[in-house]
Amino acid sequence: TCSSLLLVVNKFAIAAFPAPVSLLALQLWFAAIATSLAGCAGVVQVDALSVRSAIAFLPVVLSFLGTIFANIKVLQYTNVETFITFRSSTPIVLSLCDYLFLGRTLPNARSVACLVCLALSSIGYALVDSAFAPRAYAWLAAWYVSFTVYEVVVKHLCDTIEMSNWTRVLYTNVMAGSILASILPFLVGEHAVARHLQWSKASVNLPVLVSCLIGLCVTHAVYVLRCAASATLSAVVGILCKVVSVLIRFGVWDKPVTTVELAFLAMGLAAGSFYQQAPMRTLPARSGKTLEDEGRLVQK
């Protein structure tokens with residue numbers, strides 16, 4: 001729900017505050033400060049920060065920022081439909097990464113069929129959409145690599161490093177926010193935008209504040225999902241969120257929609273709903289135990 005709404009809310013927020021890097025920095029620091037204050041008040045559990053954990057989180061943060069930056073550049077040169085089409089194939093690649101690096105089996109026949117239908121749904125929707133523009137392949141490739149690395153390292157971190165979920169939220173937002181804060185002084189164009197905004201207007205404050213609140217909820221929910229699910233299933237859920245975002249967009253912006261477009265979107269929702277997560281592989285030396293169980297024993 002949060003991820004589906006975030007794309008739509010960010011559309012309003014970037015229209016009210018047309019400085020994407022500054023907006024992202026605001027969202028990150030809002031989440032970091034809110035999480036820290038809630039931890040100090042005892043509302044949520046936040047562990048003490050450590051250099052060792054921060055170093056472990058560095059690949060997550062770098063791949064996270066790389067994914068976001070490439071995402072922005074993709075949308076700068078092409079449209080949302082092209083991006084959704086390209087993203088629809090990520091679960092296929094991640095299912096191989098789950099098998100090679102994260103100890104899961106390959107998807108069964110039913111799940112493979114669901115992944116193929118999910119990809120066909122997004123491709124079909126993009127082809128019938130009048131705004132389809134297959135450009136910006138360099139940035140699409142950069143996004144693909146960053147996203148795949150991000151999904152794998154996040155899942156590995158969740159499986160191997162014991163910490164509360166809100167601590168993960170704090171690390172991600174503080175470290176990513178610090179990196180963005182270090183480059184903001186050099187973004188002269190965004191300074192001009194911030195100076196000329198009338199912050200007293202609700203039309204500016206409300207979309208930005210709502211985007212910050214939903215961004216915090218998304219960060220928390222994403223880590224809950226990735227601790228409980230495989231990297232492939234997380235990617236499938238992400239695609240379903242984008243499909244729901246498109247449906248919301250039809251209602252919010254009153255965009256004309258054809259029966260064929262709705263049919264492809266429905267196909268994507270159905271395919272994602274029937275996907276089955278691949279189980280962990282069992283260890284031959286210890287009957288009944290999985291690689292995930294072994295990792296927990298080593299961690300303890």
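In this predicted model, Asp159 and Lys155 sit four residues apart in helix α7, which is about one turn of that helix. Their side chains pair up in a salt bridge, with 3.4 Å between the closest N and O atoms. The two partners don't share the same kind of setting, though. Lys155 is tucked away, and it counts as buried because its relative accessible area is just 3%, under the 20% cut-off. Asp159 comes out as partly exposed, with a relative accessibility of 29%. As a bit of background, side chains of opposite charge can pair when their charged atoms come close.

How many salt bridges turn up in a search of the whole structure? The search finds two. Besides the pair within α7, there is a bridge between Arg226 and Glu151, with an N to O distance of 2.5 Å. This one ties together distant parts of the chain: Arg226 belongs to helix α10 and Glu151 to helix α7, and their positions lie 75 residues apart in sequence. Are these two residues buried or exposed? Arg226 is buried, at 9% relative accessible area, and Glu151 is buried too, at 2%.

Helix α10, the home of Arg226, covers residues 202–228. It holds 27 residues and stretches 39 Å from the first C-alpha to the last, close to the 39 Å expected at 1.5 Å a residue. Its buried residues include Val204, Pro207, Cys212, Gly215, Leu216 and Tyr223, along with Arg226 itself. Leu225 is part of α10 as well, but this residue is partly exposed, since its relative accessible area of 27% falls between the 20% and 50% cut-offs. Leaving out neighbours within four places in sequence, Leu225 makes contact with Ser234 and Val237. Lys155, already met in the α7 salt bridge, is 70 residues away from Leu225 in sequence, yet their C-alpha atoms are 9.7 Å apart in space.

Now for the inside of the protein. In soluble globular proteins, nonpolar side chains tend to be buried together. Here, the largest nonpolar core has 23 residues, and the members that touch the most others are Phe57, Val60, Leu180 and Tyr223. Helices α2 (20–40), α3 (51–77), α7 (137–160), α8 and α10 each give two or more residues to this core. There is also a second, separate core of 13 residues, with Ala70, Leu140, Phe147 and Ala235 among them.

Two of those well-connected core members deserve a closer look. What does Phe57 touch, apart from its neighbours within four places in sequence? Its contacts are Leu157, Met163, Arg168, Tyr171, Thr172, Met175 and Tyr223. Tyr223 is itself one of the buried residues of α10. Leu180, for its part, lies in helix α8, which spans residues 165–183. At 8% relative accessible area, Leu180 is buried. Not counting residues up to four places away in sequence, it touches Val21, Leu24, Ala25, Leu28 and Leu65. Leu26 is 154 residues from Leu180 along the chain, but the two C-alpha atoms are separated by 9.7 Å.

The outside has a nonpolar feature of its own. Val112, Val116, Leu120, Ile123, Leu127, Val128 and Val260 make up a nonpolar surface patch of about 550 Å². Which helix gives the largest share of this patch? That would be α6 (residues 109–128), with six residues. Take Ile123, found in α6, as an example. It counts as partly exposed because its relative accessibility is 34%, between the 20% and 50% cut-offs.

Finally, the overall picture. The protein chain contains 13 helices and zero strands, so from the N terminus onward the list of elements is simply α after α. Of the chain's 300 residues, 44% count as buried. The accessible surface comes to about 14800 Å², and carbon and sulfur atoms account for 70% of that. What about contacts between residues at least 6 apart in sequence? Among these, 84% join residues at least 24 apart. The bridge between Arg226 and Glu151, whose residues are 75 apart, is one link between distant parts of the chain.

Note on methods. Residues numbered from 1 in each chain as written. Predicted model: local features only at pLDDT ≥ 70, side-chain atom pairs only at ≥ 80, totals over all residues. Heavy atoms only, no water. Buried < 20%, exposed > 50% of the residue type's maximum accessible area, 1.4 Å probe, protein only. Contact = heavy atoms within 4.5 Å. Areas by Shrake-Rupley, 256 points an atom, 1.4 Å probe, with all protein chains shown as cover. Expected span 1.5 Å × (residues − 1). Patch = residues over 30% accessible without salt bridge, like charges linked within 9 Å, V, L, I, M, F, W, Y side chains within 5 Å. Salt bridge = Lys/Arg side-chain N within 4 Å of Asp/Glu carboxyl O. Core = buried A, V, L, I, M, F, W, Y, C linked by side-chain atoms within 4.5 Å.
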